[in-house]
Amino acid sequence: MGETSLRKRREDEHSVQNPEPKTTSLQKQVGLISGICIIVGTIIGSGIFISPKSVLSNTEAVGPCLIIWAACGILATLGALCFAELGTMITKSGGEYPYLMEAFGPIPAYLFSWTSLFVIKPTSFAIICLSFSEYVSAPFYAGCEPPQVVVKCLAAAAILLITMVNALSVRLGSYVQNVFTAAKLVIVAIIIISGMVLLAQGNTKNFENSFEGSKVTVGAISLAFYNGLWAYDGWNQLNYITEELKNPFRNLPLSIIIGIPLVTVCYILMNVAYFTVMTTTELLQSPAVAVTFGDRVLYPASWVVPLFVAFSTIGAANGSCFTAGRLIYVAGREGHMLKALSYISVRRLTPAPAIIFYGIIAIIYIIPGDINSLVNYFSFAAWLFYGMTILGLIVMRFTRKELERPIKVPIVIPILVTVISVFLVLAPIISEPALEYLYCVLFILSGLIFYFLFVYHKFSWAQRISKPVTMYLQMLMEVVPPEEPQ
């Protein structure tokens, strides 16, 4: 039978290292090129076309603005190197989830999966798709903002399409990612080359006295970092699909070392290109920086900018969906989410129930459609768990010395990243206190209620409710559970 012919995968529940995994719920189909494309494709999304204005508004000068962009790239690279050690030491998919499980136990790991499932991942997916729909609809409503109904419907359609592609095939999802990554690199190259040509022609006026009038305060720097790091988010995405990487000990660190510095260089050069045609005041007044750049430099072919920006955002959304589905899959497999979410499609060999569930949550977030609030929720929660995860790396240097570490970063790097993460979590609360941060903390802590009711105690009535749901999914989607750990 088809089910019995699948290559089986076995895990030792006491072991977190799988140098030669024999299990087959998910196939190893992602190579080095696809890994780099997932990192680049997920990072370069809507951020670089939106965040320049926010970073500049907090620094108020060209010089500090460019320094912030470079510093964000360095921080993302250092964080990713820490994750490379974790990913080659604990070769399980799911990103931060298995790392927190090994370092601190099930409760922090559950709170991460809870927050990621309902806040971090779907919020990011919704923001990217909303940005995509705004760029796509803008040419049809010249001189005015597109109706919110149109924007939200387009975003929902994008989520449905991306969810369907990733639920159908790992190979198809990787192919789509590669194509859109190539497309977004085209627009990045167009902006950079145009900027370098203008720079060579002597358009350097905006770089004179580049530190004059700058605002250097703790609050301003922290908020500038928040907006810059939003554009870099995705630097850890490859750790969510470690089990599907070919030769992860080699391809995971190589993808990071190649992908993130490439993005950093592109971001700095794109900002330089923006300043060759716009003053700081003009950039701050621009509703869409890249579109304004295109109108001034590429006219009458300026229409290519919103088109390729749409490609960029849809590629980032696809990368986010491809990796986030694996987090939900691993959480379901470990019993921290509905068991049916860990099921694998018999025909497609993809975690289809997890991906579809992720898409549904993202569509729900589109209904309010407040991008600014979503970004604040996302950034606060994301850096809280980034810091906890890298702190876990430091802890396991002393508590799990027996684990093999094909990659071992100097201890000063995780310490530095942990300190910066604490700063990024606390600084916005201190500089600009807002109730949304309190709501986010309360929502994270509310996961404890569900953990003790449904995971720790496993009440029988909850099992009776979930069983028919699981059986229905098995019949409807032709999915089977992964083999239980031996």
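How do the residues of the lining of the largest cavity divide into nonpolar, polar and charged? In this predicted model, the lining comprises six nonpolar, eight polar and two charged residues.

The cavity in question is one of three in the structure that reach 30 Å³ or more. Its volume is about 150 Å³, and it is the largest of them. Such spaces are found by a simple principle: rolling a probe the size of a water molecule over the atoms shows where empty space is left. A total of 16 residues line the largest cavity. Those that lie nearest its centre are Thr42, Ser124, Ile128, Trp230 and Asp233. Four helices each supply at least two residues of this lining, namely H1 (32-43), H5 (106-137), H8 (218-232) and H12 (304-333). Of the contributions to the lining, that of H5 is the greatest, at three residues.

Helix H5 also borders a loop that leads to helix H6 (148-168), and Pro146 is located in this loop. With a relative accessible area of 16%, Pro146 counts as buried because this value falls under the 20% cut-off. Contacts of Pro146, leaving aside residues up to four places away in sequence, are made with Ser137, Ala138, Tyr141 and Val151. Between Pro146 and Glu134 the sequence separation is twelve residues, while their C-alpha atoms are 7.3 Å apart in space.

Helix H13 was examined for its length and for the burial of its residues. This helix covers residues 352-366, 15 residues in total. At 1.5 Å a residue, the span should be 21 Å, because the expected value is 1.5 Å times one less than the number of residues. The C-alpha atoms at the two ends of H13 are indeed 21 Å apart, so the model agrees with the expected span. The buried residues of H13 are Ala352, Pro353, Ala354, Ile355, Tyr358, Gly359, Ile361, Ala362 and Ile366.

The cysteines were considered next. A search of the whole structure identified zero disulfides. For Cys65, the nearest cysteine sulfur belongs to Cys72 and is 9.8 Å away. Cys65 is therefore in no disulfide, since a pair of sulfur atoms must lie within 2.5 Å to count as one. Cys65 has a relative accessible area of 1% and is therefore classed as buried, the cut-off being under 20%. Cys440 is likewise buried, and its relative accessible area is 1%.

Technical notes
Residues numbered from 1 in each chain as written. Predicted model: local features only at pLDDT ≥ 70, side-chain atom pairs only at ≥ 80, totals over all residues. Heavy atoms only, no water. Buried < 20%, exposed > 50% of the residue type's maximum accessible area, 1.4 Å probe, protein only. 1 Å grid on protein atoms, 1.4 Å probe; cavity = no way out; pocket = protein on both sides within 12 Å on 5 of 7 lines; lining within 4 Å. Points joined across faces, edges and corners; volume = space filled by probe spheres on them. Nonpolar A, V, L, I, M, F, W, Y, C, P; charged D, E, K, R; others polar. Contact = heavy atoms within 4.5 Å.
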